[in-house]
Amino acid sequence: IRPGAGGAEAGIFAGDLLRMYQAFCKRHSLPVSLVKLDASAASKSSKSSSSHLDEIQEAILEIPQPGAYGVLKCEAGVHRVQRVPATETQGRTHTSAASVLVLPSFPGSDDDGGGEKAFDDPTSDYYIPASDVRTDVMRARGAGGQHVNTTDSAIRLTHIPTSTVVAIQDARSQHKNRAKAWQVLRAKVALLRREAREDEKARLRVSVVGVARMGRGDKVRTYNWGQQRVTDHRSGCTVNSLGDVLEGGGSLDEVMESVRGWIRERDVEAMVADEEAAAKRGKEGG
């Protein structure tokens, strides 16, 4: 979860989304761990405002539960908020955004099943040669106890071909931070590779029947405080219970299920498009 356009308000909204997903997992008895939480400099230095304390720069949650990716993948995309910020003196409504990236389960868990073998298989999406990664070791920054700024425990990995960067400093142990950073990096690179294949298929589908995919950079949902309304722009589902959505309640279930239905419909259209594209190529080849 990362803030997008909107400055400090976007960081506060990102914090709202983080708590929403934590509450959703708790209500559904899904195990969840906070892998990374980066707060803004203002958030760390300010003690006078609870809203500033909630402002985040990046948060990573891990849900190690079979089937969790299938439940939550519908949340990927740009989430937009429309509300009057606490710092707004004229009462004007501002629009801010936060992006949510949902990664498939890491190798060794339910969906991929490849375990450590996937790391060494050049045909696997999770395979990353060590020569493609630059490792930087540094001292941890920010609040966190006596070990911060005294030991070189923070790890930053950069996947050179894609410029993907992962930095982890949450654990005191450099070894644990390195292992977690590699875990996140493999998942991010695997997702990029899968999306590249999907984009290529989408181009073929559009040329045949006009079926395109919605990427994770698209605006997927709007949270309107003034109207207490949440609207998903993929399924068209609207609920007028913003508070329940942000508490991870049944209204969020309703919105998410509508999106999963929308995804299933798009998958069927994609299958039909693939068959028509294959038939077209067969005729051209014949």
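In this predicted model, Asp16 and Arg83 are joined by a salt bridge in which the closest N and O atoms are 2.9 Å apart. Because Asp16 belongs to helix H1 (residues 8-27) and Arg83 to strand E4, this pair ties together parts that are 67 residues apart in sequence. Asp16 and Arg83 are both buried. Arg83 also takes part in an arrangement with an aromatic residue: Arg83 lies over the face of Trp225, at 4.3 Å from the ring centre.

Strand E4 spans residues 77-83 and also contains Gln82. Gln82 has a relative accessible area of 17% and is therefore buried, the cut-off for a buried residue being under 20%. A polar contact of 2.9 Å links the side chain of Gln82 to the side chain of Asn224. When residues up to four places away in sequence are set aside, the residues that Gln82 touches include Thr93, His94 and Thr95. The list of residues touched by Gln82 also includes Thr222, Tyr223, Asn224, Trp225, Gly226 and Arg229. Trp225, whose face lies under Arg83 in the arrangement described above, is thus among the residues touched by Gln82.

Tyr223, another residue touched by Gln82, is also involved in aromatic pairing. The structure holds one aromatic pair. The pair consists of Phe13 and Tyr223, and it is edge-to-face because the ring centres are 5.4 Å apart and the planes stand at 65 degrees. Phe13 is located in helix H1 and Tyr223 in strand E9 (residues 219-224), so the two rings tie together parts that are 210 residues apart in sequence. Phe13 counts as buried, at 0% relative accessibility. Tyr223 likewise counts as buried, with a relative accessibility of 0%. Helix H1 thus holds Phe13 of the aromatic pair as well as Asp16 of the salt bridge to Arg83.

Salt bridges were also examined across the structure as a whole. Side chains of opposite charge can pair when their charged atoms come close. The structure holds 20 salt bridges. One of them joins the side chains of Asp136 and Arg156, with an N to O distance of 3.3 Å. Asp136 is found in strand E6 (residues 133-138) and Arg156 in strand E7 (residues 154-159), so this pair ties together parts that are 20 residues apart in sequence. Arg156 is partly exposed, its relative accessible area being 33%.

A further salt bridge connects Glu269 with Arg266, the closest N and O atoms lying 2.9 Å apart. Glu269 and Arg266 both belong to helix H8 (residues 250-285), where they are three residues apart, about one turn of the helix. Glu269 is partly exposed, with a relative accessible area of 34%. Arg266 is also partly exposed, at a relative accessible area of 22%. In addition, a network of salt bridges links Arg2, Lys36, Asp38 and Glu58.

Thr164 provides a further local view, in strand E8 (residues 164-168). With a relative accessible area of 10%, Thr164 is buried. The side chain of Thr164 makes a polar contact of 2.8 Å with the side chain of Thr162. Beyond residues up to four places away in sequence, Thr164 touches Leu157, Thr158 and His159, together with Leu185, Lys188 and Leu192.

Val32 is placed in the loop between helix H1 and strand E2 (33-39). Val32 counts as partly exposed, at 34% relative accessibility. Apart from neighbours within four places in sequence, Val32 is in contact with Cys25, Leu61, Glu62 and Ile63. Val32 and Gln65 are 33 residues apart in sequence, while their C-alpha atoms are 8.6 Å apart in space.

Cys25, one of the residues in contact with Val32, has a relative accessible area of 1% and is buried. Cys237 also counts as buried, at 13% relative accessibility. The structure holds zero disulfides.

How values were computed: Residues numbered from 1 in each chain as written. Predicted model: local features only at pLDDT ≥ 70, side-chain atom pairs only at ≥ 80, totals over all residues. Heavy atoms only, no water. Disulfide = S-S within 2.5 Å. Buried < 20%, exposed > 50% of the residue type's maximum accessible area, 1.4 Å probe, protein only. Helix = DSSP H or I, 4+ residues; strand = E, 2+ residues; numbered from the N terminus. Polar contact = N/O pair within 3.5 Å; in protein donor to acceptor, adjacent residues only side chain to side chain. Contact = heavy atoms within 4.5 Å. Salt bridge = Lys/Arg side-chain N within 4 Å of Asp/Glu carboxyl O. Phe/Tyr/Trp six-rings, centres within 6.5 Å; stacked < 30°, edge-to-face > 60°. Lys NZ or Arg CZ within 6 Å of the ring centre and 35° of its normal.
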